[in-house]
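Here are a few exercises to work through at your own pace. Have a look at the model first, then try each task before reading its solution.

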Amino acid sequence: MASASLQEAVSVLKSTNVRMTPQRHAILEFLHSSMSHPTADDIYKSLEERFPNMSVATVYNNLRVFKDAGIVKELTYGDSSSRFDCVTSDHYHVICNDCGKIVDFHYPGLDEVETLAEHVTGFDIEDHRLEIYGTCPECTKMSKQ
């Protein structure tokens with residue numbers, strides 16, 4: 001599955017005349033192989049051995065290009081670093097309060113929430129986000145030892 005979505009992302013970039021450099025491809029590949037919603041630093045640390053001349057700024061610049069092309073979503077949580085998600089379809093996140101792990105989930109019951117909010121409030125709704133916080137199975141297991 002990751003390879004099909006990776007190829008689709010590469011096609012989107014090529015259609016917007018974005019040149020596919022080895023570093024850009026590696027960052028994109030990392031995002032598509034890792035469902036951990038990494039930070040730019042996570043990506044940099046994972047790729048620095050393979051690309052010793054690549055800087056953190058290169059990672060940030062490429063993430064901005066991906067975001068502008070609509071193939072990556074930036075997740076901001078106020079006090080912590082932005083995380084990046086290559087799943088751009090509507091979905092939600094469950095976040096571990098202990099380790100910060102983020103897991104995707106989809107709840108079809110909320111598909112029409114924007115329409116309902118617009119109808120009830122009169123707002124022009126642009127987007128919405130739902131986050132659920134708890135403790136992941138790994139952290140729960142560690143706390144019981």
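The exercises below go from the whole chain to one helix and then to two single residues.

A word on conventions: this is a predicted model, in which local features need pLDDT of at least 70, side-chain atom pairs count only at pLDDT 80 or more, and totals for chains, interfaces and linings use all residues. Residues are numbered from 1 along each chain as its sequence is written, and side-chain values use heavy atoms, with hydrogens and water left out.

**Exercise 1. Describe the chain as a whole.**

Step 1: List the secondary structure. The chain has 6 helices and 5 strands, taken as DSSP runs numbered from the N terminus (helices: H or I, at least four residues; strands: E, at least two). Their order along the sequence is α-α-α-α-β-β-β-β-α-β-α.

Step 2: Look at the extent. The C-alpha trace spans about 50 × 50 × 30 Å along its principal axes.

Step 3: Turn to burial. Of the 145 residues, 30% count as buried, where buried means under 20% relative accessible area, exposed over 50% and partly exposed in between (1.4 Å probe, protein chains only).

Step 4: Check the contacts, meaning heavy atoms within 4.5 Å. Among those between residues at least 6 apart in sequence, 46% join residues at least 24 apart.

**Exercise 2. Find which residues of helix α3 are buried, and explain how they are arranged.**

Step 1: Pick out the buried positions. In α3 (residues 40-47) these are Ala40, Ile43, Tyr44 and Leu47.

Step 2: Place them around the axis. They cover an arc of only 100°, so they sit on the same side of α3. The arc is that of the directions from the helix axis to the C-beta atoms.

Step 3: Ask what covers them. The cover includes α2 (22-33), α4 (56-69) and β2 (83-85).

**Exercise 3. Characterise the surroundings of Ser36.**

Step 1: Locate Ser36: the loop between α2 and α3 holds this residue.

Step 2: Judge its exposure. Ser36 has a relative accessible area of 40%, so it is partly exposed.

Step 3: Search for a partner. Its side chain makes a polar contact with the side chain of Ser34 (2.7 Å); such a contact is a pair of N or O atoms within 3.5 Å, one able to donate a hydrogen and the other to accept it.

**Exercise 4. Do likewise for Ala117.**

Step 1: Ala117 belongs to helix α5 (residues 113-121).

Step 2: Because its relative accessible area is 28%, Ala117 is partly exposed.

Step 3: Setting aside neighbours within four places in sequence, Ala117 is in contact with Gly122 and Ile125.
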